[in-house]
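Open the model in your viewer and show side chains as sticks. The stops below say what to select next and what is there.

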Amino acid sequence: QLPLVESGGGLVQAGGSLTLSCTASGRLYSSYIMGWFRQAPGKQREFVAAVRWGTGGTTYGDSVKGRFTISRDRSENTQTLQMSDLKPGDTAVYFCTGGGSWPPQNHWGQGTQITVSS
């Protein structure tokens, strides 16, 4: 219904930084929420971060709080996840998501692999 395309995945050493971006092809209203979930092998899908399109307010999962920062660029229909102090436990497929209410899981991107080496 609303295609989401991620970019910026890759390989990084522990302690390093990486940035992910997600672009939506459709018009976004102020009530929309965009965010990230991640899925690692053998682990439950985990909420990472989210940003409210209208206010810019943010929410983070406990495991990434203080290390990750999410923001949105309304002129480009893009949200960005800046990741720092990456740990091997951050290794997962990261999915950009969106929705009209919490939790933002109505729309999903294709996923991008993040691998953090020891």
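Select Cys22 and Cys96 to begin: a disulfide joins them, with an S to S distance of 2.0 Å. Keep in mind throughout that this is a predicted model. The structure holds one disulfide, and the pair ties together distant parts of the chain, with Cys22 in strand 3 and Cys96 in strand 9, 74 residues apart. Look along the S-S bond: the torsion is about -85°, so the disulfide is left-handed. Both cysteines, Cys22 and Cys96, are buried.

Next, select Gln79, which sits in strand 8. Is Gln79 buried or exposed? Its relative accessible area is 0%, so Gln79 is buried. Residues that Gln79 touches include Cys22 and Cys96, along with Leu20, Met34 and Ile70. Show Trp36 as well: the side chains of Gln79 and Trp36 are joined by a polar contact of 2.7 Å.

Keep Trp36 on screen and add Met34, Val48, Phe68, Leu81, Met83 and Tyr94; these seven have the most contacts inside the largest nonpolar core, a set of 27 residues. To see where the core comes from, colour strand 3 (18-24), strand 4 (33-39), strand 5 (46-52), strand 7 (68-73), strand 8 (78-83), strand 9 (92-99) and strand 11 (112-117), each of which gives two or more residues to this core. Strand 3 supplies the largest share, four residues.

Finish on Tyr94. Which residues does Tyr94 touch, leaving aside those up to four places away in sequence? Among them are Trp36, Val48, Phe68 and Met83, as well as Glu6, Arg38 and Ile114.

Conventions. Residues are numbered from 1 along each chain as its sequence is written. This is a predicted model: local features need pLDDT of at least 70, side-chain atom pairs count only at pLDDT 80 or more; totals for chains, interfaces and linings use all residues. Side-chain values use heavy atoms; hydrogens and water are left out. A nonpolar core is a set of buried Ala, Val, Leu, Ile, Met, Phe, Trp, Tyr and Cys residues joined through side-chain atoms within 4.5 Å. Buried means under 20% relative accessible area, exposed over 50%, partly exposed in between (1.4 Å probe, protein chains only). Contact means heavy atoms within 4.5 Å. A disulfide is a pair of cysteine sulfur atoms within 2.5 Å. A polar contact is a pair of N or O atoms within 3.5 Å; within protein, one must be able to donate a hydrogen and the other to accept it, and residues adjacent in sequence count only if both atoms are side-chain atoms.
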